[in-house]
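Reader: I should be grateful for a close look at a single part of this model. Please discuss the charged side chains there and how far they are exposed.

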Amino acid sequence: MLESLESLDLAGFDHISIHAPSQFEATWEAVAWDRLREECWRNWPIIVHPDALLDFSLWREFGNLLCVENMDKRKPIAGRRGSWADL
């Protein structure tokens, strides 16, 4: 999808964000992060699932562009109880 951004007509949208993969293997976290980092120049928010983040030091670089999607009761893991002080 990221490779398609240049060819998409997004003029009709007031708000655009990029949703990171909702899950990936730990070995792919740096790859996903690196590819999303290449798009930071667009200044679009990057939406992440908190349970997909393993290395907070990587994601911290996105600063205010990083938006952590809230978790609901269907996911019994970290991210539901305000455990993001480390991010």
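**A network of charged side chains**

Author: E38 has a relative accessibility of 43% and therefore counts as partly exposed, a class that lies between buried (under 20% relative accessible area) and exposed (over 50%), as determined with a 1.4 Å probe on protein chains only. The model is predicted, so local features require a pLDDT of at least 70 and side-chain atom pairs count only at pLDDT 80 or more, whereas totals for chains, interfaces and linings use all residues. Residues are numbered from 1 along each chain as its sequence is written, and side-chain values use heavy atoms, with hydrogens and water left out.

The partner of E38 is R35: the two form a salt bridge in which the closest N and O atoms lie 3.1 Å apart. The term denotes a side-chain nitrogen of Lys or Arg within 4 Å of a carboxyl oxygen of Asp or Glu. Side chains of opposite charge can pair when their charged atoms come close. R35 is itself partly exposed, at 21% relative accessible area.

R35 also forms a salt bridge with E39, with 2.8 Å between the closest N and O atoms. E39 is buried, its relative accessible area being 7%. A salt bridge likewise joins the side chains of E39 and R42, at 2.5 Å from N to O, and both of these residues are buried. Through shared partners, salt bridges link E6, R35, E38, E39 and R42 into one network. The structure as a whole holds five salt bridges.
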